[in-house]
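Welcome! Here are a few short exercises to work through with the structure open beside you. Try each task before reading its solution.

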Number of protein chains: 2
Amino acid sequence: MAEKVRARLGERAVVSNQADLAPWLTDWRGRWTGQAAALLQPASTEEVAEIVRLAEASGVALVPQGGNTSMVGGATPGEDGSALLLSMRRMNGIRAIGPEQAAIEAGVILADLHDAAEAIGRRFPLTLGARGSATVGGLASTNAGGTQVLRFGTMRQLVTGVEAVLSGGLVHDGLAGLKKDNRGYALDQLLVGAEGTLGIITAVAVRLVPAVIARGVAWVGLADPQAGLDLLRRLQQQTDRVEGFEILPQDSLDRVLRYIPGTRPPLAGQHAWHALIEATATSAGEEPPSELLQRLLEPALADGLVEDAAIAASEAQAEAFWRIRHSISEAEKKSGPAMQHDISVPVATMPRFMVEAAREVEARFPGTDASGFGHLGDGNIHFHVRAPAEAGADWIAGEGPAASRFVHDLVTAAGGSISAEHGIGQMKRGELERLGSPARLAAMRAIKAAMDPHGIFNPGKLIA
Amino acid sequence: MAEKVRARLGERAVVSNQADLAPWLTDWRGRWTGQAAALLQPASTEEVAEIVRLAEASGVALVPQGGNTSMVGGATPGEDGSALLLSMRRMNGIRAIGPEQAAIEAGVILADLHDAAEAIGRRFPLTLGARGSATVGGLASTNAGGTQVLRFGTMRQLVTGVEAVLSGGLVHDGLAGLKKDNRGYALDQLLVGAEGTLGIITAVAVRLVPAVIARGVAWVGLADPQAGLDLLRRLQQQTDRVEGFEILPQDSLDRVLRYIPGTRPPLAGQHAWHALIEATATSAGEEPPSELLQRLLEPALADGLVEDAAIAASEAQAEAFWRIRHSISEAEKKSGPAMQHDISVPVATMPRFMVEAAREVEARFPGTDASGFGHLGDGNIHFHVRAPAEAGADWIAGEGPAASRFVHDLVTAAGGSISAEHGIGQMKRGELERLGSPARLAAMRAIKAAMDPHGIFNPGKLIA
């Protein structure tokens, strides 16, 4: 198969030297390693279509890969080496960009999209830690989220259309990015979040939004997560300019202060919980966002909903507040072994869930320490279960999986999702099989079989 | 089959008296009439599941129906009488409602949802002419739009989750309305807009938004549609509070003034084109929307982008402006026979399309008079081709279809959609087959066959 591709598409389209291949056979966190005889590098949609036709004819599967930043092994091939890697990185052109939309190829790196939007005075609002590596094709295929989802949503809300190569090498072209189109099934939305299992996304059209001309960032101390949600709702009733609302417990803050050099507590006193709030302005006519936050937080301070608050007085201070939030994972890693869970429940029930789930986990697994932090406004937290103090690193492989299943059981019982933003990939496939509803699993299997009759699209991921 | 349902679910669940059935066998505009031995009226999701299991076992198809307000015959059974009607009107409970979301059964009428949201100080923003009859199940199944799509989107953007009965009577429950959920394929989004061909939507969770406390409505005169789009973009760069932006040519306005009693021209002079603009305020802290419009329109008047403008000085005047817009269809009907087209193209190309398509149609079909009006900001207009003055009503059946095909060809060549908001139903199925891309048609057929293996879900609609 690789030789056929080389013959049709030329030398540059195929990498089969194992030394050159190696970096792409292991995920970025080093959790999964697979094998592949070659990595294919098409330069155009027509080349992808040619590869798909060859793969179906040869019965060889394809594992699409963008920046190789999956959190769930979604872009790593299987260990048997039967599949080929399909790298989209050479397809990195910006086909069109205007004030409302951009049409960009799958291999464009998120940071480059940010720059391209900024260059025309606009903004692509989604961002995340891997912005320097993650590609828009991968972001769309995994319906990526991040810290700025509150106002503009995940990729699903930002993608206005998809170009993809489907079974038979047929090219679905949804790039016109029509705001209204009722010609049947939502194929573009079906491909978003399908993790490359239904076809290969070759380009996406995305919505651009007004550039931010000013932001205000506040740090508040809270009695509990419910106070955080009450505050968020109160803010949202009065403005739609809140773009970030992250919550964390005191112990997460303590861990950051202990392990991350140069961090300082934003507030003078101790508080059981904390929230980081960001509001923006996109036009000069609007009330400056720091003043907006000041005005909206004052009554919450006065009536005790908020225990204390600090509004960043400078961009440097705003960055320092955000640095605390972005350092939680690193501080956690330094503080010891933990099982991490990317989960969501309905926003309204998240405060109670955070408190009760931690209590139940700690009771069931004595010595563990559980807490969640993250995107309260999206109903999505990262819920960590830390190993008992006396446990070693082998706790992860020992009791860890049982603790994770217990967390996933609690999430499922609460009507939530065992994967809020990271996807299923190979990491959570067993848990999806175990906990997915019969209707969801049956529909997914039917769709997978219908759209991938030769089984060539990212096998072993998401759904069989 | 009907007798089996009667035996299992009781007398109330089946209407087989043809006199009682008759109103539901013809669409509300009287364009399609079908036959059915009975109308089934389940009262719960479990009853729908029971009906689906019986239907699959008996090989009897089901035609789901809400308020019977389809524009494309989507809820009317076929003429052969082999299918049963499945009315969702008894499932009209509001299961839960809170500030952020409501979970409502498929048979809830849109106006009742509006009232329920208003009763808790919130708003469900989507609205349309049939709000007193259309049900949320039908609105979701057809991804309905309307005049307030600009800010909050169509049903696709407002539905946060779907409960539906799928093949095998399996119940998919997406009502938790998780803001983030990456457990695989977007089943809820796939069911939205599927026109009942993949399963029966039994309930939906929808997003609620802040109630409007004030609105400002402006009428402006414009040289051409491009000036309208330039104005809209300028407004949107400075505010996100524009909720409506409708455009119409002078001849549409003239027809309303001539045929609709009590209407008056909003501006003193004549203008080739007109736009109706609505901005809202949802909190007391915001600049009043009339002042906002005044402030933003002044420079556009000064530099000639807008020829003239009037801002409604009262709610009565705002209503009068909107009444002109809402009366266009009625005025058109009174003025003579016309073929109507619900089309979209990319927003940026709509101004040129409106002008050029009208010119091309009139050249190809001498004596006709073509023009479009509607949702410029959504890239969606209603494009009418009026019969030549000397033609009679039989022009509709004679030259009419050729004119429609010509319009659809132009739309397709422009990368647009032959159905922006009304859906395909039975009316446009032939055109979808003729103009749909091979990739779209193949994917839709594969999904249809996979999710409806017994062919019982709304046969003869959308896709075979």
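**Exercise 1: A strand and its neighbours**

E246(A) has L276(A) as its bridge partner, and L276(A) belongs to strand 14 of chain A. Keep in mind that you are looking at a predicted model.

Task: Find which way strand 13 and strand 12 of chain A each run relative to strand 14 of chain A.

Solution:
- Step 1. Strand 13 (residues 242-249) of chain A runs antiparallel to strand 14, and 7 bridges join them.
- Step 2. Strand 12 (residues 214-222) of chain A also pairs with strand 14 in the antiparallel sense, over 9 bridges. Within this chain, G221(A) has H274(A) of strand 14 as its bridge partner.

**Exercise 2: Two faces**

Task: Are the faces of strand 14 of chain A covered or open?

Solution:
- Step 1. In a regular strand, side chains alternate between the two faces of the sheet.
- Step 2. On one side sit W273(A), A275(A), I277(A), A279(A) and A281(A); on the other sit H274(A), L276(A), E278(A) and T280(A).
- Step 3. Every one of these residues is buried, so both faces are covered, where buried means under 20% relative accessible area. The count agrees: 9 of 9 residues in strand 14 (residues 273-281) are buried.

**Exercise 3: Two chains**

Task: What relation links chain B to chain A?

Solution:
- Step 1. Chain B superposes on chain A by a rotation of 180 degrees with 0.0 Å of shift along the axis (RMSD 0.0 Å).
- Step 2. This is therefore the relation of a two-fold axis.
- Step 3. The same surface serves both copies, as 100% of the contact residues of chain B recur in chain A.
- Step 4. For one example across the chains, Y185(A) touches residues including L190(B), R440(B) and I463(B).

Key: Residues are numbered from 1 along each chain as its sequence is written. Chains are lettered from A and ligands numbered from 1 in the order in which they are written. This is a predicted model: local features need pLDDT of at least 70, side-chain atom pairs count only at pLDDT 80 or more; totals for chains, interfaces and linings use all residues. Side-chain values use heavy atoms; hydrogens and water are left out. Copies are superposed by least squares on the C-alpha atoms of residues with pLDDT of at least 70 in both. Contact means heavy atoms within 4.5 Å. Buried means under 20% relative accessible area, exposed over 50%, partly exposed in between (1.4 Å probe, protein chains only). Helices (H or I, at least four residues) and strands (E, at least two) are DSSP runs, numbered from the N terminus. Two strands pair if DSSP finds at least two bridges between them. Lists of a residue's contacts leave out its neighbours within four places in sequence.
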